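Notebook open, coffee poured. I want to go through this structure and jot down what I find as I look it up.

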Amino acid sequence: MRILFSDITTVAEDGVSKEHQYVLVEDKYIKSISDEKPEGSFDRVICGKDRILMPALYNCHAHAAMTLFRGYGEDMPLQKWLFDRIFPAEDLLTERAVYDGSMLACLEMIRNGIVSFTDMYFFNAQTIKAVMETGMKANIGRCLQSFDPSVTKETDARYAEAVALHKEWHNAADGRIKMDMSLHAEYTIQPQVCVYAAEYAKEHDLGMHIHLSETESEHREGMERRGGKTPARFFYDLGVFDVRTTAAHCVWVTDEDMDIMREKGVYAAHNPTSNLKLGSGIMRTQRMHEKGVNIVLGTDGAASNNRLDIFREMNLAAILQKGSDRVCDSMSAADFLPMATVNGARSQGREDCGRLAEGYRADLILVDMDAINNIPCYAPLNAVMYSATGNDVRMTMSDGVILYENGVFTTVDVEAVKYRMRETVGGYFDQK
């Protein structure tokens with residue numbers, strides 16, 4: 001399959017934009033990018049008028065199936081939200097509920113230009129099924145938790161499930177599915193679980209996905225539990241950061257924690273909407289950037305965000321940094337776009353993704369510059385960062401396959417997904 005994007009404006013992952021480009025996609029890969037139309041025949045030519053072509057987006061912290069709880073626990077701080085609303089509701093989870101919630105999440109992400117996400121949840125095979133059916137990519141982790149100080153590798157049922165999932169699904173669908181190890185958080189885990197989970201991830205070259213210092217109380221109480229160690233130091237000492245790790249939130253990490261994260265190449269997943277909505281605080285983006293910490297973006301679950309839109313997270317991350325630091329020019333749009341694209345791909349171990357460059361997988365989106373909110377467009381990068389929204393995405397492509405175009409999903413019956421979700425949610429909450 002040869003698809004040509006003709007006479008189009010491109011915005012690369014580093015923010016560099018060029019007009020009047022010809023981008024040729026051949027099967028799964030970007031074959032060429034040039035100032036002139038390439039020779040040969042094409043299966044399809046897509047006109048670039050009033051469009052920007054850019055790398056697809058990465059959602060690096062998600063709980064996809066939590067679309068089930070969108071709007072269910074509003075105006076509550078994190079601990080009350082978790083223990084009074086979310087955890088009791090999750091006790092009722094079924095395979096069907098997780099599948100339907102994941103399907104809806106996948107379609108919402110595709111609609112907003114997200115081609116891959118990093119997920120931590122339960123009934124993972126159902127989320128994997130949704131990803132495979134929709135054509136997305138995802139890194140999936142079976143969330144490990146344990147309050148039992150006597151738990152061992154041999155008696156840990158959650159760990160056994162994670163191992164079984166890795167053996168069955170890792171690199172399935174031509175690598176679109178990758179399995180990670182996942183530790184919920186310092187306050188829900190036993191030290192020995194961290195050790196054997198990290199050892200397994202290191203042995204099998206898997207990523208690790210954790211929550212880290214999301215709230216002030218979590219961070220402070222963690223230090224009290226661990227003899228003065230911060231949660232980051234706790235994970236560091238147990239070898240968790242010896243593997244490629246994505247640490248979600250990082251709102252309350254210290255400067256010393258940031259040094260640890262830089263040393264170990266930990267990816268800090270910034271979730272600005274969720275952090276604000278739950279009253280958790282604001283990640284110190286500029287300080288992390290100065291320290292050389294890898295930063296990526298996430299939405300968190302729809303229960304604490306309501307929307308799965310990385311355009312919104314990218315815009316909010318940039319604006320929050322300016323407002324909270326009261327310095328508007330210490331970081332530019334070009335510093336934030338990689339967080340949503342190439343940094344996200346690297347955090348997932350997808351070295352051939354996340355860039356608008358020859359030889360990379362054709363994970364691309366078209367953004368409508370004829371939308372009212374994007375007129376006029378003086379600088380394409382700034383329009384992407386500060387004007388565009390997920391609603392302006394006109395096409396989402398994964399591995400050269402168009403998953404969504406001009407309001408139409410090509411791999412899934414969206415009306416059937418919506419019907420099933422409404423039916424599932426009605427029956428689900430009838431049980432409470």
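**Entry 1: the largest pocket**

Which element supplies the largest share of the lining of the largest pocket? I checked, and helix 1 does, with 7 residues. A reminder to myself before going further: this is a predicted model.

I then looked up how much space there is, and the largest pocket holds about 530 Å³. Its lining is made of 29 residues, and those closest to the centre are F87, E90, F122, Q145 and H184.

Helix 1 spans 78-90, and I see that it shares the job with strand 7 (114-121), strand 8 (137-144) and helix 4 (157-169), each of them giving at least two residues to the lining. By character, I get 15 nonpolar residues in this lining, along with 7 polar and 7 charged.

**Entry 2: the second largest pocket**

Next I went to the runner-up. The second largest pocket has about 240 Å³ of space. I find 16 residues lining it, with T9, E19, G48, D50 and R51 closest to its centre.

Which strand gives the most to this lining? Strand 1 does, with 4 residues. I have strand 1 down as 2-11, and strand 2 (17-26) and strand 5 (51-55) also put in at least two residues each. The lining of this second largest pocket splits into 7 nonpolar, 4 polar and 5 charged residues.

**Entry 3: backbone oddities**

I went looking along the backbone next. Which two residues does a cis peptide bond join? They are I375 and P376, and omega there is about -5°. I placed P376 in the loop that runs between strand 14 (364-368) and helix 14 (380-387).

Then I turned to phi. D300 is not a glycine, yet its phi is positive, at about 65°. I traced D300 to the loop between strand 13 (294-297) and helix 11 (310-325).

N406 also caught my eye: this residue is something other than glycine, and its phi is positive, near 50°. I found N406 in the loop between strand 16 (401-405) and strand 17 (408-409).

Is D300 buried or exposed? I looked up its relative accessibility, which is 6%, so D300 counts as buried, the cut-off being under 20%. For N406 the value is 51%, so that residue counts as exposed, where the cut-off is over 50%.

**Entry 4: the whole chain**

Last, I stepped back to the chain as a whole. I count 15 helices and 17 strands in it. How does its radius of gyration sit against the globule rule? The chain comes out at 21 Å, close to the 22 Å that the rule gives for 432 residues, so I can call it as compact as a globular protein of that length.

For the dimensions, I noted that the C-alpha atoms fill a box of roughly 65 × 50 × 40 Å along the principal axes. Of the 432 residues, 59% count as buried.

I also checked the contacts. Taking those in the chain with a separation of 6 or more, 74% are between residues 24 or more positions apart. For the surface, I have the chain exposing about 16600 Å², with carbon and sulfur atoms supplying 49% of that area.

**To keep in mind**

If I come back to one spot, it will be the largest pocket, with F87, E90, F122, Q145 and H184 closest to its centre. On the backbone side, I have bookmarked the cis peptide bond between I375 and P376.

Conventions:
Residues numbered from 1 in each chain as written. Predicted model: local features only at pLDDT ≥ 70, side-chain atom pairs only at ≥ 80, totals over all residues. Heavy atoms only, no water. 1 Å grid on protein atoms, 1.4 Å probe; cavity = no way out; pocket = protein on both sides within 12 Å on 5 of 7 lines; lining within 4 Å. Points joined across faces, edges and corners; volume = space filled by probe spheres on them. Nonpolar A, V, L, I, M, F, W, Y, C, P; charged D, E, K, R; others polar. Buried < 20%, exposed > 50% of the residue type's maximum accessible area, 1.4 Å probe, protein only. Rg over C-alpha atoms; globule rule 2.2 N^0.38 Å. Contact = heavy atoms within 4.5 Å. Areas by Shrake-Rupley, 256 points an atom, 1.4 Å probe, with all protein chains shown as cover.
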